[in-house]
Amino acid sequence: METWYFVDSGHLTPSLNMAMDEKLMNWHRKGLIPPVLRFYGWKPAGLSVGYFQKVKGRIDLEGIEKNGFELVRRQTGGRAVLHDDELTYSVIVSEDHPRMPASVKDAYLVLSQGLLEGFRELHISADFAIPKEKLNTTSSAVCFEEPSWYELIVDGKKAAGSAQTRKKGVILQHGSIPIEVDETKLFDMFIYKNERLKERARHAFGDKAVSINDILNTPVSFKETRDAFKKGFEKGLDIELEPFELNKEQWEEVQELAKEKYRSDDWNYAR
């Protein structure tokens with residue numbers, strides 16, 4: 001059984017969360033650390049937009065500010081995600097790892113086994129999404145309105161969203177596992193032509209997405225969710241997780257990258 005590092009970084013700001021994912025990729029690329037599974041939360045809550053996603057005319061910056069949230073741009077593609085009451089995960093592993101397929105879609109299937117087993121640990125029967133039509137068929141800026149290949153669904157509703165990038169030989173897959181979703185706050189983050197269209201989208205959202213505590217009769221906490229998915233990833237990826245804490249120098253690197261890149265307007269509002 002292979003040993004991976006497990007980073008439980010708690011609740012960090014949006015910029016620190018994105019900086020830490022990037023730094024873990026860099027350290028793994030240099031051979032300083034083995035593959036990594038990381039769990040984290042967001043404080044304050046953040047709206048992460050995809051690498052190629054436009055902000056102007058799509059994202060309601062006043063709504064973000066009104067709710068006390070922060071915007072950050074991800075390294076990965078896809079549409080915007082509101083990270084509030086959720087468990088976020090990231091996996092960092094080399095492209096040449098013997099268990100990693102060459103294609104992005106097939107790698108999703110391998111890594112998402114950990115998510116599938118995590119839901120099972122919570123006694124939730126989840127399945128992999130197999131889209132029948134071409135993806136990105138809607139113009140919505142909201143991630144959870146449409147599942148992609150091998151994302152997790154429960155009763156046909158998206159229960160976890162993931163995104164993946166590959167840079168200089170290293171895979172980063174990270175994603176959102178909502179514990180609770182405030183639909184009013186979520187749709188405050190996006191621009192619609194009028195309030196009627198926003199309300200229609202908000203009401204339709206309940207038929208497309210679901211959170212863990214919508215499913216369970218007894219609500220679970222962040223800690224309970226984290227513990228379940230830790231077991232799930234160990235089982236689903238057939239790995240043993242060794243706790244890893246960043247040293248002072250590594251934390252300083254993360255903080256510097258967060259300040260220089262992930263808190264900069266040049267990065268966050270470039271598109």
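# A tour from Asp-238 inward

Select Asp-238 to begin: with a relative accessibility of 46%, this residue counts as partly exposed. You'll find Asp-238 in the loop between H7 and E11. Check its backbone while you're there, since Asp-238 is not a glycine and still has a positive phi, about 55 degrees. Keep in mind throughout that you're looking at a predicted model.

**Colour by confidence**

Switch the colouring to pLDDT. The average over the protein is 92, and 93% of the residues score at least 70. Now pick out residues 134-145, where the pLDDT is below 50. In the model this stretch makes 43 contacts beyond near neighbours in sequence. Don't lean on those, because predicted coordinates should not be read in detail where pLDDT is low.

**The eight-stranded sheet**

Go back to cartoon view and follow the open sheet of eight strands, in the order E7-E8-E9-E10-E6-E2-E1-E11. Its pairing is mixed. Strands E7 (127-128) and E11 (239-243) form the edges, each pairing on one side only.

Zoom in on the E11 end. Residues 2-12 make up strand E1, which runs parallel to E11 and pairs with it over five bridges. For a landmark, show Thr-3, which stands opposite Glu-240 in E11. Next, turn on helix H1, residues 14-29, which packs on this sheet. H1 touches E1, E2 (36-42), E6 (86-94), E9 (157-167) and E10 (170-178). Look along E2 and compare directions: H1 makes an angle of about 170 degrees with E2.

**Strand E6, inside the sheet**

Select E6 next. How many of its nine residues are buried? Nine of the nine are, so E6 is largely enclosed by the rest of the structure. Show the side chains to see that both faces are covered. On one side sit Glu-86, Thr-88, Ser-90, Ile-92 and Ser-94, and on the other Leu-87, Tyr-89, Val-91 and Val-93, all of them buried.

Look at the neighbours on either hand. E6 pairs with E2 in the antiparallel sense over five bridges, and with E10, also antiparallel, over nine bridges. Thr-88 is a handy residue to centre on: Tyr-40 has Thr-88 as its bridge partner in E6, while Ser-176 in E10 is the bridge partner of Thr-88.

**Thr-225, a buried neighbour**

From E6, hop to Thr-225, which belongs to helix H7 (residues 222-237). Thr-225 is buried, with a relative accessible area of 0%. Leaving out residues up to four places away in sequence, Thr-225 touches Leu-87, Ile-179, Ile-212 and Val-220. You've already met Leu-87 on one face of E6.

**The three-stranded sheet**

Now find the other open sheet, which has three strands in the order E4-E3-E5 and mixed pairing. Here E4 (70-73) and E5 (81-83) are at the edges; each has a single partner strand, so one side of each is left without a neighbour in the sheet. On average, neighbouring strands here are turned by 25 degrees against each other, direction ignored.

Pick strand E3, residues 46-49: E3 and E5 are antiparallel and share three bridges. Leu-47 has Leu-82 in E5 as its bridge partner. H1 turns up here too, packing on the sheet and touching E3 and E4. This time the angle is about 20 degrees, taken between H1 and E4.

**Helix H1 itself**

Hide the sheets and keep H1. Its 16 residues reach 23 Å from first C-alpha to last, close to the 22 Å expected at 1.5 Å a residue. H1 is mostly covered, with 14 of the 16 residues buried. Just after H1, stop at Gly-31, which has a positive phi of about 80 degrees.

**Three loop stops**

Go to the loop between E2 and E3, where Pro-44 lies. The peptide bond from Lys-43 to Pro-44 is cis, with omega near 0 degrees.

Asp-155 comes next, in the loop between E8 (152-154) and E9. Is Asp-155 buried or exposed? It is exposed, at 74% relative accessible area. Its phi is positive, about 50 degrees, although Asp-155 is not a glycine.

Finish at Ile-191, in the loop between helices H4 (183-187) and H5 (195-205). Ile-191 is partly exposed, with a relative accessible area of 40%. Draw a distance to Lys-56: the two C-alpha atoms are separated by 9.4 Å, though the residues are 135 apart along the chain. Not counting residues up to four places away in sequence, Ile-191 touches Gly-57, Arg-58, Ile-59 and Asp-60.

How values were computed
Residues are numbered from 1 along each chain as its sequence is written. Side-chain values use heavy atoms; hydrogens and water are left out. Two strands pair if DSSP finds at least two bridges between them. Helices (H or I, at least four residues) and strands (E, at least two) are DSSP runs, numbered from the N terminus. Contact means heavy atoms within 4.5 Å. Axes are lines fitted to C-alpha atoms, for helices over the stretch in contact, and angles run from 0 to 180 degrees between N-to-C directions. Buried means under 20% relative accessible area, exposed over 50%, partly exposed in between (1.4 Å probe, protein chains only). pLDDT is the predictor's confidence in each residue, from 0 to 100. The expected span of a helix is 1.5 Å times one less than its number of residues.
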